[in-house]
Amino acid sequence: MSTGRTDRPEQAGQTAPSLAVAAAQAFSRHRDGDSSAMDRLVDDVTPLLWHTARSQGADRATAEDVVQTTWLRLVEHTHDIADPQAVLQWLLMTTKREAWSAVRRGRRTVPREPWDEPPTSDPTAPAASPDPALASEESELARAIWQHIESLPARCQQLLRLVAFVDRPDYSVVSASLGIPVGSIGPTRGRCLAKLRLALTADPTWEVTA
Amino acid sequence: MTPTNDTEDLLAGQPMDADDERALALVRDHLSAVDPVPPGLTGRVKFAMTVASLEAEVAHLINEGSMAGTVRTTEYDRATTVTFESDGLSIMVTLEEADRGTTTVRGWVTSPGAEVELRERSRSAVTTADDEGRFVFEGVERGTVHLVIRHHDEPGTRPVITPGIEI
């Protein structure tokens with residue numbers, strides 16, 4: 001494979017930097033007393049945790065609490081995490097669990113469980129109203145793709161939403177954290193990406209620019 | 001099996017290609033635009049983690065001329081003198097412009113001989129307050145800093161940390 005592609009994330013293959021590895025290294029340095037290592041870890045991983053919380057049904061205020069709580073749990077459990085390589089998965093699973101219980105607490109009067117909800121009623125879906133400042137062709141296309149994802153099963157929505165924020169080496173960590181079998185996406189397309197691809201193939205917006 | 005299912009099976013078994021990567025990159029762009037991480041979240045997280053890991057007490061900003069006892073740290077952006085207070089400890093900090101865009105941080109703490117740590121974005125410096133509680137840090141670069149005060153003369157007391165100070 002070509003190593004010249006690493007500077008182009010949209011085409012990155014197995015040489016893309018792994019967030020899990022970077023997180024493990026930062027966490028090890030933190031445990032060795034490097035006080036700035038944790039700051040870098042927070043900068044690198046927070047976007048992924050944010051979207052993990054949001055994809056579990058947390059509104060923005062709840063997601064913010066969930067992300068803060070997750071990082072504080074890491075401080076509490078710094079010495080309980082035996083393998084630094086597992087820190088990214090630990091963070092993702094903690095975020096998912098915290099978000100899930102926060103959402104459930106917030107909806108006590110609603111008899112249904114989160115997994116019973118049809119995707120269309122997701123109150124956490126990003127605002128659909130177009131931002132005039134972003135009304136370029138690319139953003140039109142991005143919005144079209146997002147609309148296709150929103151019509152996929154909830155688990156596919158969660159998976160695609162998160163893998164969009166990592167490179168291929170981290171797909172397995174993201175899948176595992178969501179409880180989706182490893183290999184459900186990458187190196188082959190897998191079910192969720194295939195469903196998206198099928199929808200895109202039938203969409204003139206995508207066909208024109210692809 | 002419908003033709004659609006067949007096609008989906010076929011697609012699912014093929015390797016990911018550049019178009020898949022492109023679609024995911026666009027999803028990332030879209031979500032970053034419509035559902036961004038709240039500004040300041042990582043800063044608040046880092047501060048909360050520091051406080052938790054030090055088991056520190058957070059000093060409050062004393063804002064003269066205001067009814068409120070505390071204000072958000074952003075409201076004294078680049079102020080020259082600020083005072084913080086915690087149980088049994090006051091800290092006064094004066095910022096002076098110095099060479100090459102750096103700042104000299106002069107301070108005074110009501111605990112002579114206390115260890116004073118200045119935490120910058122990616123480094124930290126430690127000094128000891130003199131007999132009158134004075135301390136100084138030179139060559140501090142722009143950004144948010146925190147002071148951590150440890151008074152070793154009273155065993156068992158928690159360190160005190162200031163909210164972010166904008167340099």
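**Helix crossings, a pocket and a chain contact**

Modeller: In this predicted model, H2(A) and H4(A) cross in a right-handed way.

Biologist: Why is the crossing of H2(A) and H4(A) called right-handed?

Modeller: The word applies when the near helix is turned clockwise from the far one by less than a right angle. The axes of H2(A) and H4(A), the latter being residues 87-106, cross at roughly 30° and come within 9 Å. The turn is clockwise, so the crossing is right-handed.

Biologist: How do you know that H2(A) and H4(A) meet, and which residues do so?

Modeller: Contact means heavy atoms within 4.5 Å. On the H2(A) side, Val45(A), Leu48(A), Leu49(A), Thr52(A) and Ala53(A) take part. Their partners in H4(A) include Leu88(A), Leu91(A) and Lys96(A). By class, this contact has 8 nonpolar, 2 polar and 1 charged residues.

Biologist: What makes Lys96(A) count as charged?

Modeller: Asp, Glu, Lys and Arg form the charged class, so Lys96(A) belongs there.

Biologist: At what angle do H6(A) and H7(A) pack?

Modeller: H6(A), residues 154-163, and H7(A), residues 171-178, pack at about 145°, and their axes are 10 Å apart. Angles run from 0 to 180 degrees between N-to-C directions, which means that a value of about 145° can occur. This crossing is right-handed.

Biologist: Which residues of H6(A) meet H7(A)?

Modeller: Arg155(A), Gln158(A), Leu159(A), Leu162(A) and Val163(A) do, and among those they meet in H7(A) are Tyr171(A) and Val174(A). The contact divides into 6 nonpolar, 2 polar and 1 charged residues.

Biologist: What makes a residue part of the lining of the largest pocket?

Modeller: A lining residue has an atom within 4 Å of a pocket point. For the largest pocket, with a volume of about 1,300 Å³, 45 residues line it. Gly43(B), Lys46(B), Phe47(B), Thr144(B) and His146(B) lie nearest its centre. H3(B) gives the most to the lining, with 11 residues. The lining has 13 nonpolar, 19 polar and 13 charged residues.

Biologist: Why is Gly43(B) counted as polar?

Modeller: The polar class takes the residues left over from the nonpolar and charged ones, Gly among them, so Gly43(B) is polar here.

Biologist: How many residues of chain B are in contact with chain A?

Modeller: 43 residues of chain B are in contact with 56 residues of chain A. The buried area is about 4,600 Å², and carbon and sulfur atoms give 62% of it. In chain B, Met16(B), Asp35(B) and Met49(B) lose the most area to chain A, together 14% of what that side buries.

Biologist: Where is the cis peptide bond?

Modeller: The bond joins Gly186(A) and Pro187(A), with omega about 0°. Pro187(A) is found in the loop between H7 and H8 of chain A.

Biologist: What phi does Glu55(B) have?

Modeller: Glu55(B) has a positive phi of about 50° although it is not a glycine. Glu55(B) lies in the loop between H3 and S1 of chain B.

Notes:
Residues are numbered from 1 along each chain as its sequence is written. Chains are lettered from A and ligands numbered from 1 in the order in which they are written. This is a predicted model: local features need pLDDT of at least 70, side-chain atom pairs count only at pLDDT 80 or more; totals for chains, interfaces and linings use all residues. Side-chain values use heavy atoms; hydrogens and water are left out. On a 1 Å grid over the protein atoms alone, a cavity is a set of points where a 1.4 Å probe fits but cannot get out, and a pocket is an open set with protein on both sides within 12 Å along at least five of seven lines; lining residues have an atom within 4 Å of a point. Grid points are joined across faces, edges and corners, and a volume is the space filled by probe spheres set on the points. Helices (H or I, at least four residues) and strands (E, at least two) are DSSP runs, numbered from the N terminus. Buried area is the accessible area (1.4 Å probe) that two parts lose on being put together, summed over both.
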